[in-house]
Amino acid sequence: MDIKMEIMRTMMGFEFDTKKVQNTHFHQDLEILYVLDGGLEIQIESEKYELGKGDFLLINANKRHSIRETEEELLTASFRINFSMLAEYLGTNQILFWCNTTADKNEAYEQLRKILDRVLNRFYDKEGEGALYLNSIYYEALYVLTSYFRIKADDSRLKDDVTPDNSRVFEIQNYVQANYQKQISLNDLAKKLYLSNAYLSKYIKKRFGLSFLEYVNNIRLFHAVDEMLYTDKKITRIALDNGFPTTASFNKVFKEVYNMTPSGYRTSVRQKTKEEVQDTESKEQIEQRVKKYLAGNTVLQDEVAAKNLDLFTVDAKETTELKKKLECDY
């Protein structure tokens with residue numbers, strides 16, 4: 001693998017956010033959502049949780065979820081964990097966590113919170129040697145997660161998610177999410193699961209309500225639409241990068257779902273976005289809130305000082321005269 005590409009393939013990453021609403025979506029990467037200020041309600045599949053300041057939870061791979069603000073001045077930190085890399089390290093695609101401060105309490109949560117706070121303290125120190133140290137904290141967080149929060153087969157908290165039948169569903173979902181950018185087939189998956197093509201085809205149709213190809217194209221379309229709206233990549237490049245063999249096949253699938261061409265959809269959505277009042281703060285406003293949060297958070301101490309973080313809290317009411325010591329050589 002190209003060295004530059006390997007460097008770009010990081011295990012974790014994080015960003016601050018102030019979005020008051022995030023519509024239902026899903027992704028294969030694991031996500032830890034940490035509320036730093038305000039409050040929110042998050043719905044994961046059919047379950048709803050209320051998170052206040054200081055709460056965090058982990059959203060497992062391919063779980064549909066949405067959020068809405070419940071208290072004003074919402075500020076969150078989102079930590080993304082690369083599912084494919086974690087699966088390689090653990091040697092399995094069967095990865096589930098239970099990590100939710102609103103529904104569970106133990107000492108490991110406080111340990112993980114301190115590590116996440118240390119990560120946040122490196123927000124302005126992501127380059128060069130700072131990135132190397134940041135990665136070491138990421139792996140520390142992953143060690144705690146896998147040691148204390150990973151679900152075992154006999155764990156009663158997610159008994160409905162770890163039945164043999166659901167384990168097969170997870171394996172199908174994870175396989176497609178990890179490989180949708182490639183040319184994959186039902187036969188490839190059947191071999192991996194040691195099943196016949198006919199049986200697997202009927203199983204997928206029964207569990208997902210779609211044929212294998214329809215399911216794969218839905219995943220590809222989901223990611224393609226995301227790129228259409230949030231990048232300036234050409235339609236042809238987006239189609240090929242997301243596993244569609246040709247632009248024509250992408251257009252065909254897209255029209256069946258959205259009743260218009262991809263380019264027409266992109267134009268209409270972007271025009272509508274310009275006309276609407278945005279429900280998010282500007283980057284400058286987020287930047288100011290992040291600086292205020294970091295400057296006022298006295299627990300964000302780290303053994304290795306953040307090289308580029310130049311934030312100080314000073315009490316101007318208390319002053320002490322500084323006398324210069326004179327040194328003489330005899």
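Hi everyone, let me begin with the contacts in this chain: among those with a separation of 6 or more, 71% are between residues 24 or more positions apart. Please keep in mind that we are looking at a predicted model. The chain has 330 residues, and 43% of them count as buried. Its secondary structure comes to 12 helices and six strands.

Let's visit two places, starting with helix 4. This helix covers residues 128-148, so to speak a run of 21 residues. From first C-alpha to last, helix 4 reaches 31 Å, close to the 30 Å expected at 1.5 Å a residue.

Which residues of helix 4 are buried? They are G130, Y133, L134, I137, Y138, A141, L142, V144 and L145. As a reminder, an α-helix has 3.6 residues a turn, so residues three or four places apart point the same way. And what covers the buried residues of helix 4? The cover includes strand 1 (12-17), strand 3 (30-44), strand 5 (56-59) and strand 6 (65-81), along with helix 2 (83-90) and helix 3 (107-120).

Now for helix 3 and helix 4 as a pair. Their axes come within 10 Å and cross at roughly 165°. That angle makes helix 3 roughly antiparallel to helix 4. The crossing of helix 3 past helix 4 is left-handed. On the helix 3 side, the contact is made by A108, Q111, L112, I115, R118 and V119. Helix 4 brings Y133, L134, I137, Y138, E140, A141, V144, L145 and Y148. Sorted by class, the residues of this contact are 12 nonpolar, one polar and two charged.

Our second place is around N217, which sits in helix 8 (residues 212-230). Is N217 buried or exposed? With a relative accessible area of 13%, N217 is buried, because the cut-off for that is under 20%. Leaving aside neighbours within four places in sequence, N217 is in contact with F244 and V253. Another residue to find on your screen is N242, 25 residues from N217 along the chain, with 9.3 Å between the two C-alpha atoms.

V253 takes us to helix 10, residues 247-258, where it is one of the residues that meet helix 8. Helix 8 and helix 10 pack at an angle of about 90°, with their axes 11 Å apart. So helix 8 is roughly perpendicular to helix 10. From helix 8, N217, L221, A224, V225 and M228 meet F250, V253, F254, V257 and Y258 of helix 10. This contact has nine nonpolar residues, one polar and no charged ones.

Thanks for listening!

Notes: Residues numbered from 1 in each chain as written. Predicted model: local features only at pLDDT ≥ 70, side-chain atom pairs only at ≥ 80, totals over all residues. Heavy atoms only, no water. Helix = DSSP H or I, 4+ residues; strand = E, 2+ residues; numbered from the N terminus. Expected span 1.5 Å × (residues − 1). Buried < 20%, exposed > 50% of the residue type's maximum accessible area, 1.4 Å probe, protein only. Contact = heavy atoms within 4.5 Å. Axes fitted to C-alpha atoms, helices over the stretch in contact; angles between N-to-C directions. Parallel < 35°, antiparallel > 145°, perpendicular 65-115°, else oblique. Left-handed = near helix turned anticlockwise from the far one by under 90°. Nonpolar A, V, L, I, M, F, W, Y, C, P; charged D, E, K, R; others polar.
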